[in-house]
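Q: Got a minute to walk me through this one? Put it up on screen and start with how the surface numbers are defined.

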Amino acid sequence: MKSALFFKYLLSGVPLVTTLKEYRLAWLSKDSIAGLSACIVSIPSVIAYAELVHLPPIAGLYAALAAAIGYALFSSSRHVIAGPDAAIGLLAGSAILPLSGGDPARIVVLAAVLSILSGVVLLLAARLKLGVIADLLSRPVLIGYLNGASLVLIATQLGKMFGIKTEGEEFFEVVFTVIEKLPQTQVPTFVLGVLLVGLLVGLARWLPSIPGALAVCAVAIVATFTLDLGSYGIALVGTVPSGIPFLTIPSFHWADIAALAPAAVAIAFLAFSDGILLAQTFAEKNGYEVRPNRELVALGSANILAGVWQGFPVSASQSRTSIVDSAGGMSQVAQLVLALGLLLFLFFLTGLIALLPKVALGAILIVTAIGMLEVASLAGLYRIDRVEFGIALGVTLAILIAGVVPGIILGLLLSLISVLVEISRPGDAILRRLVSDGRFHDCRDEDEAESVPGLLVYRLYAPLNFANARHVMTRIRTLVDEADPPVRWLIIDAQAIHDMDVTAAQRFAELHRELAEEGVDVKIADAPRPFFEELARVGLSEEIGRRDFFVSVKKAVDAFEQYCAGRHP
């Protein structure tokens with residue numbers, strides 16, 4: 001009885017159980033069509049993505065199956081499909097290969113360990129309710145990462161296209177190797193690769209409703225069967241096992257955990273930032289809400305299950321999610337149908353993969369990488385903000401020179417540094433009275449505006465905290481010292497100071513006392529409640545007094561003008 005109650009309690013925390021309880025039979029046909037469509041389209045892609053992690057093609061199917069089940073159990077999204085992803089796969093592969101020593105068996109273990117480790121990071125983030133961490137990956141960093149990863153991905157597939165063996169994973173090393181070995185090009189492989197790339201590009205341009213990867217794999221398999229492409233020296237995938245592996249926890253060394261930890265954190269950041277954006281987009285489109293921390297749990301469980309099922313790190317898939325949505329999918333049952341389709345393929349149809357030329361996988365990955373390039377977005381950054389353009393370009397160059405993992409870690413650091421710089425140097429303004437309406441504004445140089453002699457009206461466009469307090473107080477001190485004629489009243493427009501910590505309050509109190517000794521009265525206009533409460537905590541609200549607080553800048557200015565009129569009747 002107790003075990004039954006415990007099992008029931010566990011199931012109550014699984015969103016899929018709630019979905020199935022509330023499921024309408026009328027949805028089944030739509031979910032079935034959507035799930036099968038996504039399954040058919042995903043098979044060629046996930047096989048290709050396994051190549052990025054230096055694993056056999058079958059590992060892509062294992063990872064896709066595990067991700068579909070793990071994600072469907074816990075996701076709050078009705079449409080997002082999880083599975084192998086090109087950007088995540090490239091990041092995982094770049095972290096694993098240097099540690100493996102080229103040993104295929106060790107690559108399998110390291111890929112599984114990295115997937116489990118990434119899942120644990122995601123679950124820890126969910127436990128600590130850190131769903132907002134995805135916001136730390138700024139748009140310029142993401143653009144820089146995608147451009148760098150795309151170029152590296154293209155470079156790593158050139159060997160398959162030319163039918164030559166390349167060394168290493170670093171961008172310039174691979175490119176120089178390909179150039180050096182161009183005379184060794186296997187011509188039939190190159191011709192087939194160019195034709196398949198042309199087919200992919202042509203379908204995307206003129207027949208976008210036809211899944212390009214599926215069409216290329218079908219054409220390549222048929223060509224192998226009818227023309228015996230292997231006899232021309234074109235490399236084939238070869239024998240692929242059928243069925244599914246047992247769930248096992250890979251054996252590992254603690255040194256592996258330390259070596260893979262940076263990549264696991266980077267994968268967690270990328271997976272969640274992409275996943276939550278995708279989930280929110282389709283939730284808004286279809287009129288429901290998603291829970292960020294629940295998505296962390298879903299992605300974490302998908303990665304852990306992929307790891308124990310001999311797969312590799314996974315993420316949310318935009319292309320497969322779009323297919324489910326356009327096919328009318330109504331719930332995560334569509335993802336369960338996809339998983340069932342993958343199971344059937346693994347048991348009965350893996351023999352088809354053996355006939356697939358490896359150059360077909362390279363063609364799929366190259367066209368995928370071209371689609372990932374964010375050239376237009378980079379040009380947009382150049383026009384809008386040169387600093388953010390520099391960040392994006394710096395991340396791209398770091399990936400090309402140092403590798404994918406160092407590049408994305410640099411990107412995360414740049415994001416944090418840019419946030420800290422922005423917080424520590426907030427915007428401000430000296431307000432002047434606009435002649436046209438008599439009110440005080442942050443006026444442009446060309447506006448017809450005037451200052452009031454002896455009055456300085458200062459506005460800060462940010463909360464006050466320990467990071468910016470010294471800068472802001474120094475700025476106010478400088479403005480007061482440089483004013484001509486000398487300042488009698490300093491009015492601080494505090495409407496944007498919705499928060500102030502103890503350090504900032506203490507620095508403000510010190511400035512207030514200095515100015516008071518010099519005969520400068522400090523007045524506060526439009527102060528939010530948190531600002532006033534923090535002044536009270538440091539004992540400054542009594543020093544300033546209620547009479548020094550005004551409901552608006554206009555009221556404060558009127559009081560100053562009355563004060564001046566009283567002194568000089």
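A: Sure: accessible areas come from the Shrake-Rupley method with a 1.4 Å probe, and for residues only the protein chains shown count as cover. On that basis the accessible surface of the protein is about 27100 Å², with 63% of it belonging to carbon and sulfur atoms.

Q: And what am I looking at, source-wise?
A: A predicted model: local features need pLDDT of at least 70, side-chain atom pairs count only at pLDDT 80 or more, and totals for chains, interfaces and linings use all residues. Residues are numbered from 1 along each chain as its sequence is written, and side-chain values use heavy atoms, with hydrogens and water left out.

Q: How much of the protein is buried?
A: Of the 569 residues, 50% are buried (under 20% relative accessible area; exposed is over 50%, partly exposed in between, with a 1.4 Å probe and protein chains only).

Q: What's the span of the C-alpha trace?
A: About 105 × 70 × 50 Å along the principal axes.

Q: Switching topic: where does Met 330 lie?
A: Met 330 is in the loop between α13 (318–326) and α14 (333–348); helices are DSSP runs of H or I, at least four residues, numbered from the N terminus.

Q: Is Met 330 buried or partly exposed?
A: Partly exposed, because its relative accessible area is 28%.

Q: Which residues does Met 330 touch, leaving aside neighbours within four places in sequence?
A: Trp 27, Lys 30, Asp 31 and Arg 78, where contact means heavy atoms within 4.5 Å.

Q: How far is Met 330 from Ser 231?
A: Their C-alpha atoms are 47 Å apart, with the two positions 99 residues apart along the chain.

Methods
Helix = DSSP H or I, 4+ residues; strand = E, 2+ residues; numbered from the N terminus.
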